[in-house]
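Q: I am new to this structure. Please take a close look at one residue, then lead me from there to other parts worth knowing.

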Amino acid sequence: MITFKKSIIFVLLSIWLSLSWATSASSPDDFLECLSHHTINSNSISQVIHTPNNSSYSTILNSFSTNLRLTSKLKPSIIITPLNESDIQATIYCSKIHDLQIRIRSGGHDYEGLSYISDTPFVIIDLRNLRSISVDTENKTAWIQSGAILGEAYYRVAEKSKKLAVAAGVCPTVGVGGHFSGGGYSMLSRKFGIAIDNIIDAKLIDANGKIHDRESMGEDLFWAIRGGGGTSFGLIVSWKVKLLDIPEKVTIFNVTRTLEQNATQLVYKWQHIADKVDNNLVLRLSLTSRESPVLRGKRTVYVSFTTLYVGGVNELLHEMKKSFPELGLVKEDCIELSWIESVLYSWFPRGTSLDALLDRKIKDLAGYLYFKRKSDYVQQPISIAGLEGLWKLMNEQGQSPPDLMFTPYGGKISDFSESETPFPHRAGNIYQIQYGLNWQKREDSPKNIARIRKIYRYMSKYISKSPRAAYFNYRDLDLGVNNKGNTSYAQAKIWGEKYFKNNFDRLVKVKTKFDPTNFFRNEQSIPPLLSYA
């Protein structure tokens, strides 16, 4: 009976895939036979296996492939949406046997598409079906599967308790798997640390298909996956996170000033206090160039001061009066609300149902058809002249120039040493910069990429050096890429030190121990020392 069922599965898979297989060392029948022997009962084939001949294939492939700038000659030979760990184990086993790369996708927000694009034959493991969230309010912990989006995690925790929070990112559609494994900054980070600082266990499947928790994987591998990019080392199925005590009310505000309203002096002063204010306060800046409200036909820079304060409005006003009176904040600028409402407020109109956090679709997709992102770290305040030069460059770029986000560090982030996790951007960093530019037409890609690179070049004198550091979760292939196949240590170090600084060498040693054949790899994955050259 078992043999008969496997034969039926094999025949069904063969029909689905035979017309669509990418060129590979193995035939489609070989791969399908492998799957039929190692995975999936006949009742769940359509839920787990998706080929170009299925209508579900395009729907799944395109559901999070939001950056049309990114293209590849190849599409995935097959998409696996596993329902359990055994489906993942079988896919890993068969991909190794038949020389197919794996791309692992949880939310699909990878800025350079490395979770769903490859130039060699590959399979996508899309974790959308693995998104269960188990909340333990008594012990203040939660197990969160990697296929969940942040909005789902926030919703499920708040569903159990309004006095507990998860320290993770602002965008609710970001996938847990990538966000956690790359660091995970949030509006709570100065108070509680970044996401990886609050991870206490994980479940990982290695290149041999073996399932590990923290104890069995050991502290070296557990160290590596918290900030070093989990997909270099295995497939992380779930994470155990510490839940954090949050008051019933937090306070937010969003106040905008232009250059005509003394924005230059305000940004200059902000640089001197942003990493030093009370740890309950995150004061983030968004900068964009638009038409001036007072000088017709002229452009100006708008600076939005966006804040979350872990506490009430009166406490916030006291802190702002002490640390940043120049902004002129008044009570009418502020809104008191619950933490979960503050998460919702960042993306949706006030009054929107909390159920919106469960929607995996990216909002305002039309504005993100094509985009490019870059990042930097600032360790010394930029001078007035330097800021004015930046404003001039932004205003000269005309319609829709690159936007910048200044995100303050300090607080709890600095309590960890550079080597305590692979994420090295700790004490000494005042703030992080994210550069972003969106556009609508493919033909505009070269000029727009050139525009964002121009601003990035201008900033080179004002940011961290040796190396010029970058944030791994803001993936940027301009920093360097691995050679195809088994890249060299020297090649990977070009980009690796920018993300991880001195932690790169330890990551390579962990990779060498746990994935010496470099099965889990992409254009910016950690290489094993066997490829040292």
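**A close look, then a wider one**

A: Leu354 is partly exposed, because its relative accessible area of 27% falls between the 20% limit for buried and the 50% limit for exposed. Keep in mind that this is a predicted model.

Where does Leu354 sit? Its place is in the loop between helix H12 (339–345) and strand S16 (370–378). Leaving aside residues up to four places away in sequence, Leu354 touches Tyr155, Ile340 and Leu344. Asn84 gives a sense of distance. Leu354 and Asn84 are 270 residues apart in sequence. In space, their C-alpha atoms are 28 Å apart.

Now turn to Thr251. This residue lies in strand S12 (residues 250–258). Thr251 counts as buried, because its relative accessibility is 0% and the limit is 20%. The side chain of Thr251 reaches the backbone nitrogen of Val313 at 3.1 Å. Val313 is also one of the residues that Thr251 touches, when those up to four places away in sequence are not counted. Others among them are Thr307, Leu308, Tyr309, Gly311 and Gly312. Cys334 is in that list too. At 13% relative accessibility, Cys334 itself counts as buried. So does Cys171, at 16%.

Two other cysteines are bonded. The structure holds one disulfide, and this disulfide joins Cys34 to Cys94, with 2.0 Å from S to S. The link of Cys34 and Cys94 is left-handed, with -90° about the S-S bond. Cys34 lies in helix H2 (residues 28–38) and Cys94 in helix H5 (residues 85–97), so the bond ties together parts that are 60 residues apart in sequence. Both Cys34 and Cys94 are buried.

Next come the helices, beginning with H13 (residues 384–396). H13 has 13 residues. From its first C-alpha to its last, H13 reaches 18 Å, close to the 18 Å expected at 1.5 Å a residue. Its buried residues are Gly386, Leu387, Leu390, Trp391, Leu393, Met394 and Asn395. Helix H10 (263–273), strand S13 (281–291), strand S14 (299–309), strand S17 (403–408) and H14 are included in what covers them. After H13 comes Gly398, whose phi is positive, near 75°.

How does H13 pack against helix H14 (residues 445–458)? The two helices meet at an angle of about 170°, and their axes are 11 Å apart. H13 and H14 are therefore roughly antiparallel to each other. On the H13 side, the contact is made by Ala385, Gly386, Gly389, Leu390, Leu393 and Met394. On the H14 side, Lys454, Ile455 and Tyr458 take part.

Helix H9 (residues 214–225) is the last stop. H9 has twelve residues, but its end C-alpha atoms are only 11 Å apart. That is short of the 16 Å that a straight helix would reach at 1.5 Å a residue. At the start of H9, a side-chain oxygen of Asp213 comes to within 3.2 Å of the backbone nitrogen of Glu215. Met217, Leu221, Phe222, Trp223, Ala224 and Ile225 of H9 are buried. Their cover includes helix H7 (176–182), strand S8 (199–205), strand S9 (211–212), strand S10 (235–242) and helix H16 (503–514). Beyond H9 follows Gly227, with a positive phi near 120°.

Technical notes: Residues numbered from 1 in each chain as written. Predicted model: local features only at pLDDT ≥ 70, side-chain atom pairs only at ≥ 80, totals over all residues. Heavy atoms only, no water. Disulfide = S-S within 2.5 Å. Helix = DSSP H or I, 4+ residues; strand = E, 2+ residues; numbered from the N terminus. Buried < 20%, exposed > 50% of the residue type's maximum accessible area, 1.4 Å probe, protein only. Expected span 1.5 Å × (residues − 1). Contact = heavy atoms within 4.5 Å. Polar contact = N/O pair within 3.5 Å; in protein donor to acceptor, adjacent residues only side chain to side chain. Axes fitted to C-alpha atoms, helices over the stretch in contact; angles between N-to-C directions. Parallel < 35°, antiparallel > 145°, perpendicular 65-115°, else oblique.
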